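Got the viewer open? Here is a short walk through the model, stop by stop, with something to select at each one.

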Amino acid sequence: MALPALALTRSQVERSAPLRTDTEWLAAAWADEKTRVILVKDGQALIKDDGGDAGLVFVSPDEAPDGVRFLLGVDADGVAYFGVLAQPGAPQGDQPGAPQGDQPGTRKAGLREAGHLLSDRDAGLLTNAIGLANWHAVAGFCPRCGHLTEVIMAGHARKCTNDGSEHFPRCDPAVIMLVTDPDDRCLLARNVQWPPKRVSILAGFVETGESAEQAVVREVFEEAGVTVSKVAYQASQPWPMPHSLMLGFRAETGTTEINVDDEEIAEANWYSREDLKKAIENGDLLMPPSLSISRWLIETWYGGKLPRAPKPT
Ligand SMILES: [Zn+2]
């Protein structure tokens with residue numbers, strides 16, 4: 001059974017890296033009224049969601065407020081897309097040409113709310129724009145010497161105004177892994193911060209000096225007391241909330257014993273496909289949202305879309 005692509009790995013716009021240093025092309029693109037701009041701040045952009053197909057709300061370069069600008073790419077028709085780090089939608093004070101209030105049927109939304117509603121083009125643009133905007137929001141000062149940095153390479157790097165060092169958008173690798181026992185049952189766990197019934201597969205950040213596979217083995221042991229082998233990479237998804245890359249794995253264990261750490265994980269259990277189906281249909285388990293790679297990994301193991309949860313009463 002073919003599952004749909006991971007929601008945040010979709011894209012239709014060429015990232016156009018060679019154009020990031022072409023100042024003539026960049027100036028012409030910004031002067032072109034066909035160029036589309038999205039305003040992004042705090043992980044949100046303005047989307048149209050009026051009952052039809054949801055989509056990003058673009059402005060022209062003329063309408064865009066001042067702010068850090070970054071090239072997102074160029075589509076097959078030659079239309080250039082930029083992002084600007086600025087409050088989406090809402091009035092921008094005295095800035096000339098600023099949007100004056102939200103249009104009807106529009107709302108601010110982040111990837112969690114809108115990532116799965118958008119078209120391939122818009123999902124890709126928003127994922128890229130939020131990742132860059134999140135980085136620019138915290139990259140104003142040089143990590144080496146503390147002086148101001150300036151934007152270079154069409155918003156894909158910054159350079160220190162004092163020592164000239166160049167800095168690139170950072171991205172923290174995290175592993176997320178579906179572990180199965182000798183009966184091919186799947187390990188699902190509840191994080192201590194989650195409400196009752198909410199479960200997912202285990203995940204954690206890759207540490208410095210560690211491979212992704214080593215991180216899988218370490219995290220599963222730390223969180224669930226389970227020793228895994230046969231660690232196999234499956235797929236990845238950007239998760240710019242604020243700046244992660246989720247690396248999805250499968251892993252197997254020869255044991256069924258679980259010892260949760262109680263610090264991060266409150267409880268963990270093995271589920272057969274049949275157990276899981278029943279638990280979801282009875283409302284005993286709440287699964288991760290469809291946007292997430294955890295859901296995708298669970299459905300890949302399950303062999304299809306998970307059943308729907310009962311409607312809340
Ligand atoms: Zn510096």
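Start by selecting Asp42, in the loop between strand 1 (36–40) and strand 2. This is a predicted model, so read everything on this tour in that light. Check the backbone here: Asp42 has a positive phi of about 50 degrees, although it is not a glycine. Is Asp42 buried or exposed? Asp42 counts as exposed, because its relative accessibility is 64% and the cut-off for exposed is over 50%.

Now step along the chain into strand 2, residues 45–48. Show strands 2, 3 and 6 together: these three make an open sheet, ordered 3-2-6, with antiparallel pairing. Which strands sit at the edges? Those are strand 3 (55–56) and strand 6 (106–109), each of which pairs on one side only. Zoom in on strands 2 and 3, which run antiparallel and are joined by two bridges. Pick Ile47 here, and you'll find Leu56 of strand 3 standing opposite.

Next stop, the metal. Select the zinc ion and show its donors: Cys142 (SG), Cys145 (SG), Cys160 (SG) and Asp163 (OD), at 2.2 to 2.5 Å. Why call this arrangement tetrahedral? The four donor atoms subtend angles of 102 to 121 degrees around the zinc ion, and the label applies because all angles lie between 85 and 135 degrees. For reference, the ideal angle for four tetrahedral donors is 109.5 degrees.

If you have the sequence panel open, look for the donor spacing C-x2-C-x14-C-x2-D. Cys142 is in the loop between helix 3 (120–136) and strand 7 (149–152), while Asp163 is in the loop between strand 8 (157–160) and strand 9 (166–167), so this pair ties together parts that are 21 residues apart in sequence. Switch on a surface and compare these two donors. Cys142 is buried, with a relative accessible area of 4%, whereas Asp163 counts as partly exposed at 33%.

Now jump to Pro242, in the loop between strand 13 (229–239) and strand 14 (244–252). Look at the peptide bond from Met241 to Pro242: this one is cis, with omega near 5 degrees.

For the last stop, carry on past strand 14 to the loop before strand 15 (265–271) and select Asp262. Its phi is near 65 degrees, a positive value in a residue other than glycine. As for the surface, Asp262 is exposed, with a relative accessible area of 56%.

Note on methods:
Residues are numbered from 1 along each chain as its sequence is written. This is a predicted model: local features need pLDDT of at least 70, side-chain atom pairs count only at pLDDT 80 or more; totals for chains, interfaces and linings use all residues. Side-chain values use heavy atoms; hydrogens and water are left out. Two strands pair if DSSP finds at least two bridges between them. Helices (H or I, at least four residues) and strands (E, at least two) are DSSP runs, numbered from the N terminus. Donors are N, O and S atoms within 2.8 Å of the metal (3.2 Å for Na, K and Ca); water is not among the atoms, so sites may look incomplete. Four donors count as tetrahedral if all angles lie between 85 and 135 degrees; four count as square planar and six as octahedral if opposite donors are over 155 degrees apart and all others between 65 and 115; anything else is irregular. Buried means under 20% relative accessible area, exposed over 50%, partly exposed in between (1.4 Å probe, protein chains only).
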